[in-house]
Amino acid sequence: SKQALEYISTKIRRNKLSMSGKRKTKSSSDSRANEARTLLAYVVLNHIPVPKYDFRQKCFYAAYMVRLCLQAENNKNLIDDKDYYGNKRLELAGDSLGLLFEDLFKRFNQELKKATDRVLQKQNQAETFDILKHMQQ
């Protein structure tokens, strides 16, 4: 696997300024291998978690995708039409309104808590605290 990481590290495009003047040493080879490992963990198929550089889930997913491609090669009926309406994920108005309400309600509660904390922290509270007055602002 170290040889594979070194091969992958040769294919990574690097910033020319950061690599200028550096000679190929064992420590730089190790750092390049670590860079390749990090790239594989967090950039390639980044939606699949890699806890403690355990690539098991990522390998299963890649193998599954290769399997689907080979099956589609043999059976053209398995090929999906990405433009088909049934394959689209739609965000409907109700969902959008629900998300908007949730965001605004959280912000409203935060602002109300700040106003309440501000009033209740005052030393001399001559009048009673009316939360309704702050809710209408």
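Helices are runs of at least four residues assigned by DSSP, and they are numbered from the N terminus. The legends below describe close-up views of a predicted model.

**Figure 1. A nonpolar patch lies on the surface of the predicted model.** The patch is formed by L120, F129, I131, L132 and M135. Together these residues have about 420 Å² of accessible area. Helix α6, which spans residues 131-135, gives the largest share of the patch, namely 3 residues. One of the patch residues, I131, is placed in helix α6. I131 counts as partly exposed because its relative accessible area is 33%, and the partly exposed class lies between the limits of 20% and 50%.

**Figure 2. The largest pocket is lined by residues that include V119, L120 and K122.** The volume of this pocket is about 210 Å³. Its lining also includes N124, Q125, A126, E127, T128, F129, D130, K133 and H134. By type, the lining residues divide into 4 nonpolar, 4 polar and 4 charged. Helix α5 (93-120) and helix α6 each contribute at least two residues to the lining. L120 and F129 belong to the lining of the pocket and are also members of the nonpolar patch.

**Figure 3. E73 and K76 form a salt bridge.** How many salt bridges does a search of the whole structure find? The search finds 3, and the pair of E73 and K76 is among them. The closest N and O atoms of this pair are 4.0 Å apart. E73 counts as exposed because its relative accessibility is 54%. K76 is likewise exposed, with a relative accessible area of 53%.

**Figure 4. E102 and K106 form a salt bridge in helix α5.** Between these two residues, the closest N and O atoms are 3.3 Å apart. E102 and K106 are 4 residues apart in the helix, so about one helical turn separates them. E102 is partly exposed, at 38% relative accessibility. K106 also counts as partly exposed, since its relative accessible area is 47%.

**Figure 5. K113 and D117 form a salt bridge in helix α5.** The closest N and O atoms of K113 and D117 are 3.0 Å apart. Along helix α5 the two residues are 4 residues apart, which is about one turn of the helix. Is K113 buried or exposed? K113 counts as exposed because its relative accessibility is 54%. D117, at 31% relative accessibility, counts as partly exposed.

Terms used: Residues numbered from 1 in each chain as written. Predicted model: local features only at pLDDT ≥ 70, side-chain atom pairs only at ≥ 80, totals over all residues. Heavy atoms only, no water. Patch = residues over 30% accessible without salt bridge, like charges linked within 9 Å, V, L, I, M, F, W, Y side chains within 5 Å. Areas by Shrake-Rupley, 256 points an atom, 1.4 Å probe, with all protein chains shown as cover. Salt bridge = Lys/Arg side-chain N within 4 Å of Asp/Glu carboxyl O. Buried < 20%, exposed > 50% of the residue type's maximum accessible area, 1.4 Å probe, protein only. 1 Å grid on protein atoms, 1.4 Å probe; cavity = no way out; pocket = protein on both sides within 12 Å on 5 of 7 lines; lining within 4 Å. Points joined across faces, edges and corners; volume = space filled by probe spheres on them. Nonpolar A, V, L, I, M, F, W, Y, C, P; charged D, E, K, R; others polar.
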